[in-house]
Amino acid sequence: MARPIVFLTDYGLEDEFAGVCRAVVARIAPEVAVLDLTHAIPPQDVLTGALTLGRAAPYLPSDAVVLAVVDPGVGTERRAIVVETHRGPVLVGPDNGLLSLAWIALGGLAGAYEVEDPKLLLEPVSATFHGRDVFAPVAARLASGEVEPAQVGRQVAAESLEKVHVPAPTVVRGGVSAKVLGVDRFGNVELNLREQHLVALGITDAITTGPFTLKRVRAFADLAPGALAFLVDSSGWVALVASGGSAAVALGLAPGDSVMLGPPRPPGDG
Amino acid sequence: MARPIVFLTDYGLEDEFAGVCRAVVARIAPEVAVLDLTHAIPPQDVLTGALTLGRAAPYLPSDAVVLAVVDPGVGTERRAIVVETHRGPVLVGPDNGLLSLAWIALGGLAGAYEVEDPKLLLEPVSATFHGRDVFAPVAARLASGEVEPAQVGRQVAAESLEKVHVPAPTVVRGGVSAKVLGVDRFGNVELNLREQHLVALGITDAITTGPFTLKRVRAFADLAPGALAFLVDSSGWVALVASGGSAAVALGLAPGDSVMLGPPRPPGDG
Amino acid sequence: MARPIVFLTDYGLEDEFAGVCRAVVARIAPEVAVLDLTHAIPPQDVLTGALTLGRAAPYLPSDAVVLAVVDPGVGTERRAIVVETHRGPVLVGPDNGLLSLAWIALGGLAGAYEVEDPKLLLEPVSATFHGRDVFAPVAARLASGEVEPAQVGRQVAAESLEKVHVPAPTVVRGGVSAKVLGVDRFGNVELNLREQHLVALGITDAITTGPFTLKRVRAFADLAPGALAFLVDSSGWVALVASGGSAAVALGLAPGDSVMLGPPRPPGDG
């Protein structure tokens, strides 16, 4: 039975790029279902692509073939790779770190191969659109069972693969300097902080940033009207949220920004 | 044979939320097709979600399972429900009115059940992402035939379910005050008026609003260049339209706005 | 076996229009897969729709049914047509030129038919939404094999069909005046120039436009940081590109604009 392809790119949906890749898959393997994860990764933003894949990885079918393309190095010597994971999903994409958080989330890397066999590709391979000419055809052949990962080319050492670097929060006097990993459609601000960081900082039910004190809530509907708050989101990250509006706008935060957070000020302080 | 899932949310496509729900369905029921209706309902706008589902309902396959998530109350005591309709489609979503215009359009409610059985869900259920943890898994199991609606939990009374309130137009001296239900990509302005309201107002082939007189047309191409006009749109609502441009921009109208409409002024008036 | 439908429109994804068409297909032919090419053609921009279909055509499955709707003439006497091509794909859409570059890219037109049989449509046919009421139902019946192209209505002469006019570049003193065909998500500027035009102009490894000299590169990663350059893109068009940014923004170019290009100035000139 065919495996489903889970598809993520920075192609957007304004152009036909993602659609052409879907057509290429349908041409090679008509029986394969293609499931869009998202195509709205910011252009060439490998870290955001890796974080998104890492967040989604635990929810993928165990037989999924992940087709991921965020590829500023397209047309250069960067390798095209196929990665097997211990939990089952197989990952196809450029060797630039994009896949690295997914294989960690999927129990670790069980094998990695460089795409070399020209018979698997769409010839002539362009210098600018490997989603169409390299990654989609290889993913289609893996999903249909036409080839196994080990058949695409030589095995490569796990240590030689690129990984992304997720910035860690920095403990500073009186608090922590966190980074904004992303802002979602609702304006929720996802930070590079997990529950363990809150514990280490002694933060339990409230946090301060600038002039604001944010209470911890469990769900969006627990916020008082107009209030800012924080919660641990559905991916395990600390997120700053606002009632009926955008915490990103209220706090002036965008992806990549730094934000200082501290425990609540004692009463009478300030 | 598996039933198709028809999927509507306010998740947008910028984030991976809709994609993760699709992955959850594929994991539980790989044979089920998921068909995106739209994910661009404005954030937490239950009324727009309900109107959109209501407009689309007559065109759904009779065996469709509708998976609808616009859910400002996620993580609170609001119920998760499954609704059977007389025309066939089964509706899954939060009990906040989102499904209510769809069940009316589908011949009325034939049964409603509260989702209770924890075995149907993705455990642990987060407090913020019930699309992934509650609604998608339940829809997948209904679509695959693993469970019947009556098996998800206790039956609930139709009268106890939330419904949305679609604002009615108000007859005022010399005309009617209508509400803008929505503005589509082409800038067409959909109003809370139907043919019957025009008849009641004695409006046949022209309408006035502010300084403008809009003639009635049948199709977009019937407009004179640069002209504004009105028509009864493909969903039966009165819509204000513009030739080769946006009636919303020309008239300065946005969803939720009120607009005064009247019959044409008699010649020589004003 | 069912044929896949490849779906392109100017409906956008903000509204449910594309989703309703998918529902109509699922209702008539549940076994048919629908593959979105793009729904982001600018509203009523038939030329951009035709160019996009033409670029994608070589990558389509040979049994594809193309369902294409960019239709400013909806509700008028413009014909609804079904076109057979020599390479296999069948095209369904309005007779306004939208399909014309696709049938050229697919080896030419092998037969064309006007949609006439009312039994194939969704009755009553609205005057404003033929995607839902005419084109999707016909495409579904062709894809399922319920009807053959020749059964939808009378054969029409190829010469009578509308074609789009792709503007040709104009040779002027000292260079060429090109048109911007499109700007993609990455800000790459696609021009109405092909390799043959460069050869005719004696342009090999550099081009000038205004104060800028752009070197030819093979891949995006070959650009020096901050540099502008040009390449022949994955569809065979000359594209102006920028390192890590938008060439369209850097050069102030938008779709439809004209741009003067010339060979490099000799050293010491100017």
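This is a short talk on how the chains of this model are arranged and on some of its cysteines and salt bridges.

Keep in mind that the model is predicted.

Let me start with the symmetry. Take chain A and lay it on chain B. The RMSD is 0.0 Å. The move is a turn of 120°, with a shift of 0.0 Å along the axis. The two copies are thus related as by a three-fold rotation axis.

Now the contacts. Which surfaces do the copies use to meet? Of the interface residues of chain A, only 8% are also interface residues in chain B, so the copies meet through different surfaces.

Next, cysteines. How many disulfides does the structure hold? The count is 0 over all chains. Look at Cys21 in two of the chains. A:Cys21 has a relative accessibility of 1%, so it counts as buried, the cut-off being under 20%. C:Cys21 is buried too, with a relative accessible area of 1%.

On to the charges. Over all chains, a search finds 33 salt bridges. I will pick out a few.

Start in chain A. A:Arg78 pairs with A:Asp71, and the N to O distance is 2.7 Å. Are these two residues buried or exposed? Both A:Arg78 and A:Asp71 are buried.

Move along to A:Arg79. Its salt bridge partner is A:Asp95, at 3.1 Å from N to O. A:Arg79 sits in the loop between β3 (65-69) and β4 (80-85), while A:Asp95 sits in the loop between β5 (90-94) and α3 (100-105), so the pair ties together parts of chain A that are 16 residues apart in sequence. A:Arg79 and A:Asp95 are both buried.

Now a pair in chain B. B:Glu116 and B:Arg154 form a salt bridge at 2.5 Å, N to O. This pair links distant parts of the chain, 38 residues apart. B:Glu116 is in the loop between β6 (109-114) and α4 (130-144). B:Arg154 is in the loop between α4 and β7 (170-172). What about exposure? B:Glu116 is partly exposed, with a relative accessible area of 32%. B:Arg154 has 52% relative accessibility; the cut-off is over 50%, so B:Arg154 counts as exposed.

One last item, and this one involves two chains. Which residues join A:Glu16 in a network of salt bridges? They are C:Arg55 and C:Glu190.

To recap. Chains A and B are related as by a three-fold axis. The copies meet through different surfaces. There are 0 disulfides and 33 salt bridges over all chains.

Methods: Residues numbered from 1 in each chain as written. Chains lettered and ligands numbered in written order. Predicted model: local features only at pLDDT ≥ 70, side-chain atom pairs only at ≥ 80, totals over all residues. Heavy atoms only, no water. Least-squares fit on C-alpha atoms with pLDDT ≥ 70 in both. Contact = heavy atoms within 4.5 Å. Disulfide = S-S within 2.5 Å. Buried < 20%, exposed > 50% of the residue type's maximum accessible area, 1.4 Å probe, protein only. Salt bridge = Lys/Arg side-chain N within 4 Å of Asp/Glu carboxyl O. Helix = DSSP H or I, 4+ residues; strand = E, 2+ residues; numbered from the N terminus.
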